[in-house]
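Here is the note on the structure that we agreed to exchange, arranged as numbered points. Please read each one against the coordinates.

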Amino acid sequence: MLSLGEELLRIGQVAKLSGLSTRTIDYYTRYGFLSSVRSESNYRMYEKNVLQTLERIKLLKSQRMSLDEISEHLQQGCSQEQEPLFLEVQEEIDRLQQKVTQLEESLKDAPSSEKRMIYTTLSNKLTVITQLLTLL
């Protein structure tokens with residue numbers, strides 16, 4: 001439920017700050033992921049914490065979760081003990097994604113034999129990472 005007196009954001013502001021389209025935000029609102037109210041001028045208004053929810057949705061989508069799985073995860077929420085771990089894991093995933101991007105760039109001109117060796121090594125490591133993520 002949205003609180004009176006709290007600073008609220010218009011859907012356009014949420015879109016700009018989150019990097020998502022207003023259409024996506026509207027879809028997530030209709031799907032029940034987000035809550036909004038209408039202003040006297042009929043603007044859709046969101047609490048600032050909607051940005052955190054959208055970041056969590058982005059993370060869950062990047063882990064290839066379905067919308068139903070995301071919905072279940074959002075309803076369960078994170079306990080105060082889990083939140084620091086969740087943030088730490090998110091930061092590590094971001095760091096790994098940056099490394100993957102850097103490796104992809106450097107591999108463009110690498111010889112085929114080197115690419116095969118790196119692919120095998122990365123494939124094994126990704127399997128381990130995936131297994132660890134399923135434990136969370």
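1. In this predicted model, the residues D26, R30 and R44 are joined to one another through a network of salt bridges. A search of the whole structure returns 4 salt bridges, and the points below take up those made by this network, followed by the pair formed by K48 and E7.

2. Within the network, the side chains of D26 and R30 meet in a salt bridge with an N to O distance of 2.3 Å. Both residues belong to helix α2 (residues 22-31), where they are 4 residues apart, or about one turn of the helix. R30 has a relative accessibility of 58% and therefore counts as exposed, whereas D26, at 23%, counts as partly exposed.

3. The other link in the network runs from D26 to R44, whose closest N and O atoms are 2.6 Å apart. Because R44 lies in strand β3 and D26 in helix α2, this pair ties together parts that are 18 residues apart in sequence. The side chains of R44 and D26 are also listed as joined by a polar contact of 2.6 Å.

4. Is R44 buried or exposed? Its relative accessibility is 19%, and since buried means under 20%, R44 counts as buried. Leaving aside residues up to four places away in sequence, R44 touches L9, R10, I11, D26, S36, V37 and R38; strand β3, in which R44 is found, covers residues 44-47.

5. A salt bridge also joins the side chains of K48 and E7, at 3.5 Å from N to O. This pair links distant parts of the chain, 41 residues apart, with K48 in the loop between β3 and α3 and E7 in the segment before β1 (8-10). K48 has a relative accessibility of 43%, so K48 counts as partly exposed.

6. For helix α3 (residues 50-62), a simple length check is satisfied: at 1.5 Å a residue, its 13 residues should span 18 Å, and the end C-alpha atoms are indeed 18 Å apart. The buried residues of α3 are V50, L54, R56, I57, L59 and L60. After the helix comes R64, which has a positive phi, near 65 degrees.

7. On the surface, L103, L122, L126 and I129 form a nonpolar patch, and together they have about 300 Å² of accessible area. Which helix gives the most to the nonpolar patch? Helix α6 (residues 112-135) does, with 3 residues. L122, which lies in helix α6, is partly exposed, with a relative accessible area of 34%.

Methods: Residues are numbered from 1 along each chain as its sequence is written. This is a predicted model: local features need pLDDT of at least 70, side-chain atom pairs count only at pLDDT 80 or more; totals for chains, interfaces and linings use all residues. Side-chain values use heavy atoms; hydrogens and water are left out. Helices (H or I, at least four residues) and strands (E, at least two) are DSSP runs, numbered from the N terminus. The expected span of a helix is 1.5 Å times one less than its number of residues. Buried means under 20% relative accessible area, exposed over 50%, partly exposed in between (1.4 Å probe, protein chains only). Patches are made of residues with over 30% relative accessible area and no salt bridge: like charges are joined within 9 Å, nonpolar side chains (Val, Leu, Ile, Met, Phe, Trp, Tyr) within 5 Å. Accessible areas come from the Shrake-Rupley method with a 1.4 Å probe; for residues, only the protein chains shown count as cover. A polar contact is a pair of N or O atoms within 3.5 Å; within protein, one must be able to donate a hydrogen and the other to accept it, and residues adjacent in sequence count only if both atoms are side-chain atoms. Contact means heavy atoms within 4.5 Å.
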